[in-house]
Amino acid sequence: MTATWQIVVHGLVQGVGFRAACVVEARRIGLAGWVRNRRDGTVEAIAHGEAEQLLALCEWMRQGPPGAQVSSCDVDRTWVAELPLKGFEQRASI
């Protein structure tokens, strides 16, 4: 069964290649969705796929790429998708 989750990562996660690395990882896992920086210094992702794929992305986001210092990762498993989501992309910051 597929689901759509919102993942918000806190810490030193902007300016360290987090979004680009997240796109690579999400595509490798086979997820659809997007990732972007937010004004408050967090990185937000909306990911759509099977539960095990989503869990794998969450696990990766809790560490992030080299240079990131993740302090916490909030996951909303009740997100309503902006369907259809195809592929995984990096979006402009908000």
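What pattern does the protein follow when read along the sequence? In the predicted model, the order of elements is β-α-β-β-α-β-β, and the secondary structure amounts to 2 helices and 5 strands. The radius of gyration is 12 Å, close to the 12 Å given by the globule rule for 94 residues, so the protein is as compact as a globular protein of that length. Along the principal axes, the C-alpha atoms occupy a box of roughly 35 × 25 × 20 Å.

Several totals describe the chain as a whole. Of the 94 residues, 43% count as buried. Among contacts with a separation of 6 or more, 78% are made by residues 24 or more positions apart. The exposed area of the protein is about 5,000 Å², of which carbon and sulfur atoms supply 51%. The protein carries 10 positive and 10 negative charges, and the mean positions of the two sets lie 5 Å apart.

Strand S2 (residues 32-37) was examined in detail. All of this strand is buried, 6 of 6 residues, so S2 is largely enclosed by the rest of the structure. In a regular strand, side chains alternate between the two faces of the sheet. Both faces of S2 are covered: Ala32, Trp34 and Arg36 are buried on one side, and Gly33, Val35 and Asn37 are buried on the other.

S2 pairs with two strands. With strand S3 (residues 43-50), the arrangement is antiparallel and comprises 6 bridges; within this pairing, Arg36 of S2 stands opposite Glu44 of S3. The two strands form a hairpin with 5 residues between them, and Gly41, located in the turn, has a positive phi of about 95°. With strand S5 (residues 88-90), S2 pairs in the parallel sense through 3 bridges. Here the bridge partner of Trp34 is Glu89 in S5. Trp34 and Arg36, which belong to one side of S2, thus have their partners in S5 and S3, respectively.

A further position considered is His10, which is placed in strand S1 (residues 2-12). The relative accessible area of His10 is 24%, and the residue is classed as partly exposed. Leaving aside residues up to four places away in sequence, His10 touches Thr42, Gln69, Val70, Ser71, Ser72 and Asp74. Of these, Ser71 is 61 residues from His10 in sequence, while the C-alpha atoms of the pair are 5.6 Å apart in space.

Technical notes:
Residues numbered from 1 in each chain as written. Predicted model: local features only at pLDDT ≥ 70, side-chain atom pairs only at ≥ 80, totals over all residues. Heavy atoms only, no water. Helix = DSSP H or I, 4+ residues; strand = E, 2+ residues; numbered from the N terminus. Rg over C-alpha atoms; globule rule 2.2 N^0.38 Å. Buried < 20%, exposed > 50% of the residue type's maximum accessible area, 1.4 Å probe, protein only. Contact = heavy atoms within 4.5 Å. Areas by Shrake-Rupley, 256 points an atom, 1.4 Å probe, with all protein chains shown as cover. Lys, Arg positive; Asp, Glu negative; His and termini not counted. Charge placed at Lys NZ, Arg CZ, Asp CG, Glu CD. Pairing = 2+ DSSP bridges.
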